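I opened a new page for this structure. I wanted to look up the ligand site and then any enclosed space.

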Amino acid sequence: MTETIQTTTTESRPEATTYNLFIAGEWVPSESGRTFESRNPADTRDLIGHFQSGTPADVARAIRAADVAGGLWRRTPAPKRGEILYRFGQLMAEHKERLARAMTREMGKVLEEARGDVQEGVDIAFLMAGEGRRMFGDTVPSELPDKWAMSIRQPLGVAGIITPWNFPIAIPCWKMMPALVAGNTVVFKPASDTPHCATLLVELMAEAGFPAGTVNLVTGPGAEVGDALVDDPDVPVISFTGHSSTGKRIAERASRRLKRVSLELGGKNGIVVLADADLDLATDGIVWSAFGTTGQRCTACSRVIVEESVLDDLLGRLERRATRLRLGDGLQATTDVGPLINAEAVDKVESYIEVGRREGALVTGGRRATGDGLANGHFFEPSIFTHVKPMDRIAQEEIFGPVLSVIPVADYPSAVTALNQTRYGLSSSIFTRDVNAAFRAMRDFETGIVYVNAGTIGAETHLPFGGTKETGNGHREAGHAALDTFTEWKSIYVDFSGRLQRAQIDNQG
Ligand code: UN1
């Protein structure tokens, strides 16, 4: 997920609103005096607004504000913090339609999916609000008499939250809700393709009653704003979702200060279709997972691994369905597939189509789409290649667009080998009617998420979300596992014996 920042002066387009940073509870301009534009990817003539091009000095101000606010916030009882999360979730639910429409306009996903994205934000807000009354630690017996032993979670401090454009409401909520309920304060740096969604989100957070300084928003280039967050000694934890190369760079920089870093990176998710599968159901799952959100999900299916005996049958169904998908502006009810995020994304997808033509056989798609109403947007046809081999580049590299590779295999063991032969490990799925095969897959698939008889997308917020191998660095978002990123364990021993008792010594013999 690379980003392009267009620098312009605020004066050049007086008709569009200029939005500010949010620091210490105030909407303020960047000290840079520069802004960048956000435009509608379905029609780039539609200018959404001008956003502040933040700098390291802005980030330093935001971190200071977060640090100061943290003093009181971490001492606020967690159930009280949770109540603000509930209010925020409620506000998001009330504003769902407005947020969803703004999202479709800014990043292109079809309205129904944008509503789902907002809903995912509501879900995690409510889930984490409940954590305010749980946040379990352990209370265990001590090995010594008259002694109490327990562990509690403590906040880390200021959390740096760096988020992508593809889930512009859900992912910031996945990160900020656990961070905040646990007593951390946040500095939020959203992707430069979706600053408007981030602004709307933070407006609602302020309205919900998060105290000044607990949530700060700094828009601007990753190289300035993101790096400043990663390098600052007063930000002990960074949570990042995005491109693997950026994630690795963040991890390297942050490791110099021994920071905690939670990374959610690439995927090359596969669906295995066995010969006994319900092929109609499999087709539904594959089309939804490969072309939903225009293939721009970390969880998107980009590989189908199918037993040879049903290859032609499945391929015929996939082709029929893919060619019928209607491209267009996601705000129109007739649209199935929206645009890609920006011109760079279209170039990237197109370059992989060339790679695919050399490696496999193109079944459908393969071109930029410029038909009626599409000429001013970043549209690309849903594309399918067949006869792809597991180690081909299009079966290995994350394209992040509507490109699906079909890989024929002889049997289940070769399907498992092909599925796992990737550097990523986020999501996977199997379609089969054989319960034994389903359980084998649950065991054998080397991914953080496994689906049976469903596509690879659509994780729910109350189970851990994340992947193995180069998809991340072992952390998980969502579920109560999300608290692990944003808390530090403290073990507490209380000796009420009135005498010195030495562990491991005085209880022996
Ligand atoms: C992502 O693409 O980074 O499981 C997140 C899903 C969504 C989240 C995707 N709930 O597809």
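My entries on the ligand and the cavities follow.

**Entry 1: the model.** I noted before anything else that this is a predicted model.

**Entry 2: around the ligand.** I asked which residues surround the ligand. I listed E120, N166, F167, I171, W174, R297, C298, T299, I457, G458, A459 and F465. I then sorted this shell by class and got 7 nonpolar, 3 polar and 2 charged residues.

**Entry 3: polar atoms at the ligand.** I looked up the distances from oxygen atoms of the ligand to polar atoms of the protein. For T299, I found a polar side-chain atom 2.7 Å from a ligand oxygen. For A459, the value was also 2.7 Å, but there the partner is a backbone N or O atom. For N166, I read 3.3 Å between an N or O atom of the side chain and an oxygen of the ligand. I then checked how much of the ligand the protein covers. The ligand exposes 320 Å² when taken alone, and the protein buries 99% of that area.

**Entry 4: where the ligand lies.** I looked for the ligand among the pockets and found that it sits in the largest pocket. Why does the ligand lie between domain 1 and domain 2? I wrote down that both domains give residues to the shell around the ligand, so the ligand lies between them. I recorded the bounds as 47–265 + 472–490 for domain 1 and 269–452 for domain 2.

**Entry 5: the largest cavity.** I searched the whole structure for cavities of 30 Å³ or more and got 2. The largest cavity has a volume of about 90 Å³. Its lining is made up of 15 residues, and I noted G295, A300, S302, E398 and F400 as the closest to its centre. By class, I entered 7 nonpolar, 5 polar and 3 charged residues for this lining.

**Entry 6: the second largest cavity.** How much space lies in the second largest cavity? I entered about 50 Å³. This cavity is lined by 15 residues, and those closest to its centre are R303, L419, T422, Y424 and T447.

Definitions and conventions:
Residues numbered from 1 in each chain as written. Predicted model: local features only at pLDDT ≥ 70, side-chain atom pairs only at ≥ 80, totals over all residues. Heavy atoms only, no water. Near = heavy atom within 4 Å. Polar contact = N/O pair within 3.5 Å; in protein donor to acceptor, adjacent residues only side chain to side chain. Areas by Shrake-Rupley, 256 points an atom, 1.4 Å probe, with all protein chains shown as cover. 1 Å grid on protein atoms, 1.4 Å probe; cavity = no way out; pocket = protein on both sides within 12 Å on 5 of 7 lines; lining within 4 Å. Sits in = over half its atoms within 2 Å of the grid points. Nonpolar A, V, L, I, M, F, W, Y, C, P; charged D, E, K, R; others polar. Domains from an automatic or database assignment. Points joined across faces, edges and corners; volume = space filled by probe spheres on them.
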